[in-house]
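These are my notebook entries on a structure that is new to me. I set down what I looked up, one topic at a time.

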Amino acid sequence: MIVITTPTGGIGRQVLDHVLDALDARDDGTAPRVIVRDPARLSPRARARTEVFRGSHADPEVLAAACTGADRVFWLVPPAPGADSVEGHFRDFTLPLCEVIAQQGVARVVAVSSLGRGVAKDAGPISASLAMDDRIAATGVHYRALCPPFLMENLLGQAAALRDTGEFRMAYATDRVLRTCATADIAATAARLLLDDSWTGRADVPLVGPDDLSPEGMAEVLSDVLGRPVRVRETTPEAYRASALRFGASEAGAQGLADMASAMDAQGFYGATEPSTPDTAPTSFRRWCEELLRPATLA
């Protein structure tokens, strides 16, 4: 039995679709379970083909009920820019999972984490996700941490700016390589692991796309794909913090994002030293721009 968290989120929704495709192909009547705050946001197919547990997977009772008799869990801690503490937010989600693993015998967990293990320091949500990995793995469960670098989908929030001004902003050196990954590749890898009961132990699974582009290189690709000049403007972690506050983040949440930006730039763990991983992250930046970002700028 598979339990999927965040089934209406950008990654979890795709994981669920892949799992349903595989189970439909098997035609054995198996239905995965999902934990969701608002079941109305599930697709009609998902509502018809899953066992729905309404609530948050940070709620120990909801999580325990959903995991009763289950042996595999897809785990993602949702972003919470309004949280009082970045570390506390991850801890509040993760401790109930550790309790469920200990009490109910969940065998395998596949979770979304980040590149940067052993390198990232004081990196806000990145550091919190790496600490989450250690907590979960310490239970002895078979564990795979999916470790992408910068998500291409982060640029979707700037689609309107690209359309209106031909500009996007990055709190990162514009001439330094920034490795990327598409969420579709994360979801496909997660589903593959959830459907495979042969792996054991703990391991990181890097998901590094095929490009070695700097933000300036990304702007060149975007110029070509969008058919108009695109430029990148380097911003600062402090400006990133101020922007997050304007959009409703808490002081702690905004500072966590600023810390993440500072660490990414200063410590280089999303940079050129990571080799690409075509088995887990085949999507190129150009292909992603053509398929997702370009339509978003035309909306």
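I begin with a term: a helix here is a DSSP run of H or I with at least four residues, and helices are numbered from the N terminus. I also note that the model is a predicted one.

**Entry 1: T94**

I looked up where T94 sits, and I found it in helix 4, which covers residues 86-104. Is T94 buried or exposed? Its relative accessibility is 0%, so T94 counts as buried. I then listed its contacts, leaving out residues up to four places away in sequence, and recorded W75, V77, M132, R135 and I136. Within the chain I also traced a polar link: the side chain of T94 reaches the backbone oxygen of F90 at 2.7 Å.

**Entry 2: R33**

I turned next to R33, which has its place in strand 2. R33 is a charged residue by class, and I wished to know how much of it is accessible. I read a relative accessibility of 12%; the cut-off for buried is under 20%, and R33 therefore counts as buried. Which backbone oxygen lies 2.5 Å from a polar atom of the R33 side chain? I found that it belongs to T68. T68 also appears among the contacts of R33 once neighbours within four places in sequence are set aside. That list further includes M1, I2, V3 and I4, as well as E51, F53, A65, A66, C67 and A70. For a view across the model, I took the C-alpha atoms of R33 and G166: they are 43 Å apart, with the two positions 133 residues apart along the chain.

**Entry 3: Helix 1**

I checked helix 1, residues 12-26, and counted 15 residues. From first C-alpha to last it reaches 21 Å, close to the 21 Å expected at 1.5 Å a residue. Its buried residues are G12, Q14, V15, L16, V19, L20 and L23. What covers these buried residues? I noted strand 1 (2-5), strand 2 (33-36) and strand 4 (72-75), together with helix 2 (44-49) and helix 7 (183-194), among the covering elements. Just after helix 1, I found D27 with a positive phi of about 55 degrees.

**Entry 4: The second largest pocket**

My last entry concerns empty space. I recorded a volume of about 250 Å³ for the second largest pocket. How many residues line this pocket? I counted 14, and those nearest its centre are T6, T8, R37, R41 and P78. By class, the lining holds 5 nonpolar, 6 polar and 3 charged residues.

Technical notes: Residues numbered from 1 in each chain as written. Predicted model: local features only at pLDDT ≥ 70, side-chain atom pairs only at ≥ 80, totals over all residues. Heavy atoms only, no water. 1 Å grid on protein atoms, 1.4 Å probe; cavity = no way out; pocket = protein on both sides within 12 Å on 5 of 7 lines; lining within 4 Å. Points joined across faces, edges and corners; volume = space filled by probe spheres on them. Helix = DSSP H or I, 4+ residues; strand = E, 2+ residues; numbered from the N terminus. Expected span 1.5 Å × (residues − 1). Buried < 20%, exposed > 50% of the residue type's maximum accessible area, 1.4 Å probe, protein only. Contact = heavy atoms within 4.5 Å. Polar contact = N/O pair within 3.5 Å; in protein donor to acceptor, adjacent residues only side chain to side chain.
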